[in-house]
Amino acid sequence: MRAVSTTETAPDRYAWAVQAGGLRVRAGRHLAVDGLDLTLDTGVHGLLGPNGAGKTTLMRALATVVKPAGGTLAMLGTDVGGRGGDLRALRRSLGYLPQHFGFYPRFTVREFIEYMAWLKEMPTSLIPGAVQRAVERVGLTDRADSKMKTLSGGMVRRAGIAQAIVNDPRVLLLDEPTVGLDPEQRMDFRDLLRGIGVDSCVVVSTHLVEDVAAACTDVVLVDQGRLVWQGTPVQLAERGADGHAGDSASERGYSAILRAHRGSA
Ligand SMILES: Nc1ncnc2c1ncn2[C@@H]1O[C@H](COP(=O)(O)OP(=O)(O)OP(=O)(O)O)[C@@H](O)[C@H]1O
């Protein structure tokens, strides 16, 4: 048999976790993402933007829940935009917490996460251990055998985070994950994100600029379906100045960038 060199087997281009070019995605009839260019890799990316900016719609496209209307979208090297790639294989490497997610109220936390692991086609023998680990990572160990319908809103959200991370996803998409979490849980959650972001691509949509400043390596600011600005939390804070809206340097930076963008648009 002929020896195959590493040059021949190496990918001919680097596969970014997320690579979007001129991306367009509809929400109903509305073009909520409209010409978005974005490249993301390992790290924790905070997705910020005003109400209606298109964050949820973008997350849904990244989660392969909605097919883009135009442009290009590749995730981990798989073509998602034109649906030419192997989406089933890609979905095994994704974790997604939607803004609103459904569950069977009579399932226990453990059953809910096991079910989601099964849907993600995890090997059956690995599921019990992975579920236990996910439950522990979100601090729900003592409620693992409680029925979902008996949990508080914050606990339901933590169960949602657990199902998103159960398969150790290479791309983790969290839409408003901190809604309903108490301050202590938010701090623990930031630690969890930092840990996962060391070797995965995490995208967190939020309105809490402070969460982004504390837990993210990268800030992505969108408005009217387009990328407005991308940089580090330090660079975001540096953009703020007295006179801009906000209680912290990061919030003032956010307001300053948006105002400048709208002034020039
Ligand atoms: N089903 C729909 N039909 C029509 N328009 C929609 C639909 N869903 C969303 N939109 C519109 O698309 C735009 C983007 O919505 P999207 O939910 O993606 O924004 P968002 O940035 O997540 O907002 P928020 O911060 O309020 O959650 C908004 O103008 C919204 O009104």
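The legends below describe close-up views of a predicted model. Local features need pLDDT of at least 70 and side-chain atom pairs count only at pLDDT 80 or more, while totals for chains, interfaces and linings use all residues. Residues are numbered from 1 along each chain as its sequence is written.

**View 1. The span annotated as "domain: ABC transporter".** The unreviewed UniProt entry assigns this annotation to residues 18–249; such annotations may be inferred rather than shown by experiment. The span is 33% helix and 26% strand, with helices (H or I, at least four residues) and strands (E, at least two) taken as DSSP runs numbered from the N terminus. Its end C-alpha atoms lie 29 Å apart.

**View 2. Strand β3 and its partners.** Five of the six residues of β3 (residues 43–48) are buried, that is, 20 or more other C-beta atoms, placed from the backbone, lie within 10 Å of their own. Strands count as paired if DSSP finds at least two bridges between them. β3 runs parallel to β8 (residues 201–205) over five bridges, and Leu47 has Ser205 as its bridge partner there. Four bridges link β3 in parallel to β9 (residues 218–223), where His45 stands opposite Asp218.

**View 3. The open sheet and its edges.** The strand order is β6-β7-β8-β3-β9-β10, with mixed pairing. β6 (94–97) and β10 (226–231) are edge strands, each with a single partner, so one side of each has no neighbour in the sheet. β9 and β10 are antiparallel, joined by five bridges; Val220 is partnered by Gln230 in β10.

Terms used: Buried ≥ 20, exposed ≤ 12 C-beta atoms within 10 Å, placed from the backbone.
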